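Got the model open in your viewer? Let's walk through it one selection at a time.

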Amino acid sequence: MPRLREKTKKAEILSLEEAVKRYVKDGQVIAFSGFTGFNRNPVALAWEAIRQGRKNFHVLDRHGSCCTWMLNAVGAIKIYETDWVGWGEMAGKLDINLNNQYKKGNIILEDYSHGAMAMRFLAGAIGAPFIPYYAPLGSDLYDDRYDALGKAGLRDGSHPKIAKKKYIQMEDPFYGDGDVMLLPAARPDVALIHVTQCGEKGTARWRGIGTIDKELVFACDKVIITCEEIVPESELRKEPNLNQIPYFTVDAIVECPYGAYPSAVPFFYDYDAPFMRGMDAASRNEEDLKKWIDEWIYGPATWEELMTKVGAKRLMELKADSTTGYSTRILRGKKPAPRVTVPLSVARSGY
Amino acid sequence: MKKSIEELMALIDLIPDEPAKVGEFILPELMAIAIAHEVRNDDIVFAGTGLPMVGIMTANLTVAPNALLIYEAGICDGKTMHVPMSVCDQRAANMSSTLGGLVDTFGYYLQQHFVTLGFLGGAAIDKYGGVNVTSIGDYYSPQHRFTGSGGNSDIGTMSHRVAYIILQEKRRFLEKNDYTTTPGWYCTDWKDGKWKPKKEVWAGTPFAESGPCAVVSNFATYGFDDEGLIYLQTTHPGVSVAQVQENCGFDLNVSRVEGETAHPTYRELFVLREFVDAELIFLPQKVEYPPEIQKIIDG
């Protein structure tokens, strides 16, 4: 049911350590901001959760990311309810860590589709218990045999965050527009969100695509925001149409520059494709992965120290152009990016 | 002397729009441009990451300049200057009409039936165009576990037409998939467990007539007949019909084959190499132009 909150939230500004200590618990149902491993992943929060030994997460999210890659690397995910178990698209498609954990039987994997998960979060955000959606009727996603949480006996109603059914197919009773799937609302315990700017009261703003972060904030019980910078609320209120998250939904604010590295924060820094390819390569060998975890997760004493280790040269290469929001200095492929002043399609055919 | 993008742009119309010869292009270029030919100028296209993205960008700069691109992270009609590595890349969002999120793309655009063409990849396909991107072997202990649906099953069932680009092997072109992530023209009706035409399972919905229209593999291109069955349309240069059949796990309809897949033109190759993937992210290597084309480029 839609949640009546016990009391109005008042966002607190905390350190990364304190925010994780207070709000991220073992066994929670958890969701992350951004899109795959490329855009606004709350990496610093996931990194800190691993360092504090948090485990047995039930990830309820649309797809993998740098966060799930790291959590799977240390075996901290127990249930993974998602639609895409990749993480890095062109930098590392399948999450090898996840695949290894799955093969060992350490993880329950529940498949949906991307649109279905989007609708589930929309339902969660607006307080609806379920939502009808067409796709994909006739898919094996909606074969009872492939209801992994049901098979594991977790849909018995004793888990408040696990729906009693994966879906229900029914005929549209209002307009007669064929069959639709009723999908349960997504209601995670905690949302980890990385944005560009957050006011000291909790009003938050990002630039670039929205993915499903606004829905996520409203669907989750607790919301932790990391941001590139904390700014005066008064600044964000000069152009409120550019803000997406109202402060009353936020529990904790953490100022954490480069907190989404190696994913991108549009207009701040780009994704680090070479670093992500390195993650993918490390996951292909147990020894290499162990070395990677020691070097990058447990090695640095703080997030600042990790970014110092990445180094000024790389961070300068990743610094976003103020006009495009991404970097044209980082070498992503085999040739450097050309200088472009106008998109070819616009030059040739206009808008 | 390396030419600037502006100088290269001025050359496009000087490069002949004539088919290149075998040996002057590589297979990924042929595949990207073959799939680009599926795009109509008035299409609203919803494309996935990888070669589909390269194909649609090429189409946008050649055969279909007015086609509108949607990328699932929330991007509507981006005007891209640098090839994106993901459908959430800020590069894909450059100068877009609007920027939203997943509810916009899957709800407002896709389920609202605005999307005329879906552009996707797949791990395996059945003879009715049903696609598997989930697993091979037993679902719970698979021989191969893939990434899972992502937007594939949404885009693949609710776009009016759907084109797939798929690596062809005998174990990937199948009579029936181990797991049908994205139904093709036949799928299971879970109300009675029977395998039926999509038209019947989706009857009454706006999407009963929507489904796969084309497949491009590393061997050939394919279409779908009125029954929803896949048939061989063209074979790539140097590939025989027998070879295609050898690499197909079911008895393929080869009666409608129209000869060889159209070679990419020099102009299409120029656009793909110099503008779409100038950073060589998708294409494995730089390919030399024949001397007469290089002469035009060098001026």
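Start by selecting B:I125 and looking across to its partner: B:I125 stands opposite B:V131, which lies in β7(B). Keep in mind as you look around that this is a predicted model.

**The little sheet around your first pick**

Now select residues 124–126 of chain B, which make up strand β6(B). β6(B) and β7(B) run antiparallel and are joined by 2 bridges. Zoom out a touch and you'll find an open sheet of 3 strands, in the order β7-β6-β11 of chain B, with mixed pairing. Which strands sit at the edges? They're β7 (131–132) and β11 (173–174) of chain B, each of which pairs on one side only. As background, strands of a sheet pair through backbone hydrogen bonds, either parallel or antiparallel.

**Next stop: strand β5 of chain B**

Select residues 117–122 of chain B to light up β5(B), a mostly covered strand with 5 of its 6 residues buried. β5(B) pairs with β1(B) in the parallel sense, over 3 bridges. To see that pairing up close, click B:F46 and look for B:G118 of β5(B) standing opposite. Then add residues 161–166 of chain B, strand β10(B), which pairs with β5(B) over 6 bridges, also in the parallel sense. A good pair to click here is B:L117 and B:R161, with B:R161 in β10(B) standing opposite B:L117.

**A helix under cover**

Now select residues 102–111 of chain B, helix α5(B). Is α5(B) mostly covered or mostly open? Mostly covered: 8 of its 10 residues are buried. Color these to see them: B:L102, B:V103, B:D104, B:T105, B:F106, B:Y109, B:L110 and B:Q111.

What covers them? Elements from both chains are involved: the cover includes α5, β6 (130–133) and α7 (213–219) of chain A, together with β1 (44–47), β2 (68–71) and α6 (152–158) of chain B. Just after the helix, stop at B:H113, which follows α5(B) and has a positive phi, near 70 degrees.

**Where the chains touch**

Show both chains in separate colors. In this pairing, 68 residues of chain A are in contact with 69 residues of chain B. On the chain A side, select α4 (96–103), α5 (114–126) and α13 (344–349), each of which supplies at least two of the touching residues. Which element gives the most to that side? α13(A) does, with 6 residues. Color the chain A side by class and you'll get 32 nonpolar, 22 polar and 14 charged residues.

**Into the core**

Time to go inside. In soluble globular proteins, nonpolar side chains tend to be buried together. The largest nonpolar core here has 199 residues. Select A:A46, A:I224, A:I225, B:V45 and B:I56, the residues with the most contacts inside this core. The largest share of the core, 8 residues, comes from α5(A). Now center on A:A46: leaving aside neighbours within four places in sequence, A:A46 is in contact with A:C67, A:M70, A:L71 and A:L192.

**A loop stop**

Jump to B:A208, in the loop between α7 (198–201) and β14 (211–217) of chain B. Why does B:A208 count as partly exposed? Because B:A208 has 16 C-beta neighbours inside 10 Å. Not counting residues up to four places away in sequence, B:A208 touches B:K199, B:W202 and B:A203. Try a distance too: B:A208 and B:H160 are 48 residues apart in sequence, and their C-alpha atoms are 9.3 Å apart in space.

**Zoom all the way out**

Select chain A as a whole, and you'll see 13 helices and 12 strands. Its radius of gyration is 21 Å, close to the 20 Å that the globule rule gives for 351 residues, so chain A is as compact as a globular protein of that length. Buried residues make up 54% of chain A.

Then switch to chain B, which has 10 helices and 16 strands. Its C-alpha atoms fill a box of roughly 65 × 45 × 35 Å along the principal axes. Of the 299 residues in chain B, 55% are buried.

Last, color by confidence: the mean pLDDT of chain B is 96, and 100% of its residues reach 70 or more. For the model, the scores are ipTM 0.96 and pTM 0.97.

Methods. Residues numbered from 1 in each chain as written. Chains lettered and ligands numbered in written order. Predicted model: local features only at pLDDT ≥ 70, side-chain atom pairs only at ≥ 80, totals over all residues. Contact = placed C-beta atoms within 7 Å. Helix = DSSP H or I, 4+ residues; strand = E, 2+ residues; numbered from the N terminus. Nonpolar A, V, L, I, M, F, W, Y, C, P; charged D, E, K, R; others polar. Pairing = 2+ DSSP bridges. Core = buried A, V, L, I, M, F, W, Y, C linked by C-beta atoms within 7 Å. Buried ≥ 20, exposed ≤ 12 C-beta atoms within 10 Å, placed from the backbone. Rg over C-alpha atoms; globule rule 2.2 N^0.38 Å. pLDDT = per-residue confidence, 0-100.
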